[in-house]
Amino acid sequence: IRIKGTKKGLVAKTDCNGRYVYLNPRKGGQIAVAESARNVVCSGAKPMAITNCLNFGNPYKPEVYWTFKEALGGMGDACRALNTPVTGGNVSFYNENPSGAIFPSPIIGMLGVIEDVEKHKTTPAFKEEGDIVLYVGADRKGLGGSEYLKSVHGLTTGDAPELDLDFEVKLQTALLIAIQTGLITAAHDLSDGGLATTLTEMAIFGKKGAELSVDTLSGSSHEILYSEAQSGVVISTTPAKLETVKHHFDEAGIPLYELGVVKGDTLNIKDLISLSVAESDEIYESVIPKAMEA
């Protein structure tokens with residue numbers, strides 16, 4: 001959102017995963033804020049403040065009130081860590097039917113500022129053939145609360161994903177500097193669906209494939225591909241800037257793993273996944289139209 005008479009722009013992001021809050025209200029509240037901020041940073045903006053819409057069931061039920069209290073506590077933890085004050089919001093209670101309450105959903109609206117929109121180059125899309133694809137951030141571990149468990153196994157279970165707020169702040173700070181200084185051509189955070197979904201979306205948005213390997217990442221293949229552990233971002237950079245990018249994140253204390261290169265029209269993850277970008281794009285873009293036709 002451009003601001004008249006200046007080079008500045010606003011970035012707004014709304015986010016919350018009710019499964020996380022249901023499984024672990026405190027951690028779920030933290031993640032709602034942290035993930036919103038991470039999305040804003042991936043666009044090249046500095047997170048400044050939040051608003052919210054807090055959706056819960058009947059607060060006279062002790063378990064609902066406790067969940068509400070813990071989720072707010074988690075939001076407060078993350079807001080203090082990220083220095084994003086709460087500017088306002090609203091609360092919606094009694095969201096339930098005879099079968100029970102909705103998943104507790106403290107929706108976060110995160111506001112960020114880009115200092116110069118004319119220098120804004122980073123998007124989630126793969127850019128040029130030969131660009132280097134990297135993963136920066138925390139280990140991919142745990143499948144609790146994941147889209148994988150929900151979609152493939154019909155389960156909402158386990159703990160909410162891993163989150164270390166101190167590490168999250170370091171990651172976002174280092175990532176924002178890298179974007180603002182032109183080191184990165186693309187950035188996309190990991191959330192619903194994990195690494196596999198992030199890489200697929202980057203290929204779809206850029207209409208470009210990639211030759212990748214996740215052998216350098218630790219954990220089982222299911223965790224590496226589908227864990228929704230927080231504090232992870234996929235980035236790309238040019239070969240000429242690769243060593244500078246590595247040095248930058250190493251100096252910031254953020255682990256970095258080289259995954260491969262942007263190449264061709266198929267997303268290949270060695271020994272695990274091979275997807276046609278065109279077919280994936282067709283599926284991605286046709287979901288809502290097909291639902292409307294049903």
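Helices and strands here are DSSP runs, helices of at least four residues and strands of at least two, numbered from the N terminus. The model on screen is predicted.

**Stop 1: Ser231**

Select Ser231, in the loop between helix 7 and strand 10 (232–237). Although Ser231 is not a glycine, its phi is positive, about 65°. Its relative accessible area is 1%, so Ser231 is buried, the cut-off for that class being under 20%.

**Stop 2: Lys207**

Go next to Lys207, in the loop between helix 6 and strand 9 (210–212). Here too phi is positive in a residue other than glycine, with a value near 55°. Is Lys207 buried or exposed? Lys207 counts as exposed because its relative accessibility is 55% and the exposed class begins over 50%.

**Stop 3: helix 6 and helix 9**

Show helix 6 (residues 194–206) together with helix 9 (residues 277–293). Their axes come within 9 Å and cross at roughly 95°. Helix 6 and helix 9 are therefore roughly perpendicular to each other, as that class covers angles of 65 to 115 degrees. To display the contact, select Thr200, Glu201, Ala203, Ile204 and Phe205 on the helix 6 side. On the helix 9 side, add Val277, Ser280, Asp281 and Tyr284. Coloured by class, the contact of helix 6 with helix 9 shows 5 nonpolar, 2 polar and 2 charged residues.

**Stop 4: Tyr226**

Tyr226 lies in helix 7 (residues 221–226). With a relative accessibility of 25%, Tyr226 counts as partly exposed. Leaving aside neighbours within four places in sequence, Tyr226 is in contact with Leu143, Ser146 and Tyr148, with Gly193, Gly194 and Ala196, and with Ile273. A distance can be drawn from Tyr226 to Leu149: the two are 77 residues apart along the chain, and their C-alpha atoms are separated by 9.0 Å.

**Stop 5: the largest nonpolar core**

Now turn to the largest nonpolar core, which has 27 residues. Begin with the residues that have the most contacts inside this core: Val33, Ile50, Phe56, Met75, Ile108 and Met110. Which elements give two or more residues to the core? They are helix 1 (18–23), helix 2 (25–42), strand 2 (46–55), helix 3 and strand 6 (105–114). Helix 3 gives the most, with 7 residues.

Centre the view on Met75. Apart from neighbours within four places in sequence, Met75 touches Gly29, Gln30 and Val33, then Ile50, Asn52 and Leu54, and also Pro106 and Ile108. A second, separate core has 24 residues, among them Tyr135, Leu217, Val262 and Leu267. In soluble globular proteins, nonpolar side chains tend to be buried together.

**Stop 6: Pro106**

From Met75, move to its contact Pro106, which sits in strand 6. Pro106 counts as buried, because its relative accessibility is 0%. Again leaving out neighbours within four places in sequence, the contacts of Pro106 are Asp15, Cys16, Val21, Ala32, Cys53, Leu54, Phe56, Ala71 and Met75. For a second distance, pick Glu35: Pro106 and Glu35 are 71 residues apart in sequence and 13 Å apart in space, C-alpha to C-alpha.

**Stop 7: helix 3 and helix 5**

Show helix 3 (residues 62–82) with helix 5 (residues 165–180). These two pack at an angle of about 40°, with their axes 10 Å apart. That angle makes helix 3 oblique to helix 5, since the roughly parallel class takes angles under 35 degrees. The crossing of helix 3 past helix 5 is right-handed. Select Asp77, Ala78, Ala81 and Leu82 of helix 3, then Leu165, Val169 and Gln172 of helix 5, to see the contact. The residues of this contact divide into 5 nonpolar, 1 polar and 1 charged.

**Stop 8: helix 2 and helix 5**

Keep helix 5 displayed and bring in helix 2. How do the axes of helix 2 and helix 5 cross? They cross at roughly 10° and come within 9 Å. Helix 2 is therefore roughly parallel to helix 5. From helix 2, select Gln30, Ala34, Ala37, Arg38, Val41 and Cys42. These meet Leu165, Glu168, Gln172, Leu175, Leu176 and Ile179 in helix 5. By class, the contact of helix 2 with helix 5 has 8 nonpolar, 2 polar and 2 charged residues. Leu165 and Gln172 of helix 5 also take part in the contact with helix 3.

Key
Residues numbered from 1 in each chain as written. Predicted model: local features only at pLDDT ≥ 70, side-chain atom pairs only at ≥ 80, totals over all residues. Heavy atoms only, no water. Axes fitted to C-alpha atoms, helices over the stretch in contact; angles between N-to-C directions. Parallel < 35°, antiparallel > 145°, perpendicular 65-115°, else oblique. Left-handed = near helix turned anticlockwise from the far one by under 90°. Contact = heavy atoms within 4.5 Å. Nonpolar A, V, L, I, M, F, W, Y, C, P; charged D, E, K, R; others polar. Core = buried A, V, L, I, M, F, W, Y, C linked by side-chain atoms within 4.5 Å. Buried < 20%, exposed > 50% of the residue type's maximum accessible area, 1.4 Å probe, protein only.
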